[in-house]
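Please look over the structure below before reading on. The briefing that follows takes up the domains, the contact between them, and some pairs of charged side chains.

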Amino acid sequence: MKKIVVLISGSGSNLQSLIDSCHSGEIDAQIAAVVSNQGNAYGLVRAQKAGIPAFYLDATQYTDRQAYDTALLEYIEQYQPDLIVLAGFMRVLTAPFVNHFTGKLLNIHPSLLPKYPGLHTHRKALENGDKEHGTSVHFVTEQLDGGPVILQAKVPIFTGDTEELLIERVKTQEHTIYPIVVEWFISGRLSMHDGNALLDNQILPPNGYSIASSTL
C-alpha cells in the first residue's frame with residue numbers, strides 16, 4: 001500500500017478529511033506519519049487518535065530554515081512516502097527540500113490561484129469586493145503558491161459575509177476536493193511534468209479543474 005506523510009501546523013481539519021478518506025477506502029493509501037511545526041497543533045491529537053505516528057519538529061532548535069528543512073526531510077524519508085501532503089503547514093519550504101520531493105508535494109491554498117497567494121486570502125477577497133472565493137490544490141514548487149493548479153472549488157461571497165463565515169464556507173470545499181486530488185495521485189492518474197499538472201496524461205489548464213459549489 002502506498003504511503004503518505006502529512007505536514008500540518010494547526011487544527012488539522014484537512015488532515016481529518018484525509019484520515020477519514022483512507023479509512024473508508026476512498027483513498028487507497030496509508031498515512032504513515034504526521035509532522036507539525038507547532039507543538040500545540042490539534043492535528044497531532046487527531047493523528048494520535050487514529051493511531052498514526054505524530055511528531056513535533058521545533059524550529060527553535062535549528063539555526064536556520066535550511067537546517068530545519070534538512071531535519072524535516074530526514075524524518076520524512078524514514079517513511080519512504082509516495083506523497084507528501086501539506087495540510088495547513090504554515091512554513092515556506094526551502095528550495096532544496098522542494099526539489100528533493102519534486103512532483104510528490106501537494107498543497108491546498110484558500111484562494112482561486114493565481115489570485116491571492118500568501119496569507120489573509122479571505123480578508124483580501126472581502127476587502128476587494130469579490131463575488132466569489134474558493135480554494136486550490138496545487139503541486140508545490142519553489143515559487144510560493146505558484147505550482148501548477150490541479151483542482152479548484154469556488155464559493156459565493158454574500159453581502160454581510162464576515163471573514164469567519166467565508167473561512168468556514170471555503171473549508172467545507174477543501175475537505176471535499178483534497179481527498180479527490182490525493183486519490184488521483186495515489187492511483188497514478190495525476191503527475192507533474194515540465195511544470196505542468198497532468199491528469200490521465202492530459203495537461204490541465206492553468207486554473208486546473210473547477211467545481212462550482214452548491215454547498216454554502
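**Two domains and their charged pairs**

In this predicted model, the protein is divided into domain 1, covering residues 1-101, and domain 2, covering residues 107-215. Taken over C-alpha atoms, the centres of domain 1 and domain 2 are separated by 20 Å, and the contact takes 21 residues from domain 1 and 16 residues from domain 2.

**Where the domains meet**

- Domain 1 and domain 2 bury about 1,600 Å² between them, with 66% of that area on carbon and sulfur atoms.
- Between domain 1 and domain 2 there are zero salt bridges, while six residue pairs are in polar contact.
- On the side of domain 1 that touches domain 2, the elements giving two or more residues are β1, α1, β4 and α4, and α1 gives the most, with five residues.
- By class, that side of domain 1 has 12 nonpolar, five polar and four charged residues.

**Salt bridges**

- The structure holds five salt bridges, and one of them joins the side chains of D130 and K115 at 3.2 Å, N to O.
- Because D130 lies in the loop between α5 and β6 and K115 in the loop between β5 and α5, this pair ties together parts that are 15 residues apart in sequence.
- D130 is buried, at 14% relative accessible area, whereas K115 counts as partly exposed, at 42%.
- K154 and E132 also meet in a salt bridge, at 3.9 Å, N to O; K154 lies in strand β7 and E132 in strand β6, so the pair ties together parts 22 residues apart in sequence.
- The side chains of D200 and R189 meet in a salt bridge at 2.7 Å, N to O, and this pair links loops at positions 11 residues apart.

Note on methods
Residues numbered from 1 in each chain as written. Predicted model: local features only at pLDDT ≥ 70, side-chain atom pairs only at ≥ 80, totals over all residues. Heavy atoms only, no water. Domains from an automatic or database assignment. Contact = heavy atoms within 4.5 Å. Buried area = accessible area lost by both parts, 1.4 Å probe. Salt bridge = Lys/Arg side-chain N within 4 Å of Asp/Glu carboxyl O. Polar contact = N/O pair within 3.5 Å; in protein donor to acceptor, adjacent residues only side chain to side chain. Helix = DSSP H or I, 4+ residues; strand = E, 2+ residues; numbered from the N terminus. Nonpolar A, V, L, I, M, F, W, Y, C, P; charged D, E, K, R; others polar. Buried < 20%, exposed > 50% of the residue type's maximum accessible area, 1.4 Å probe, protein only.
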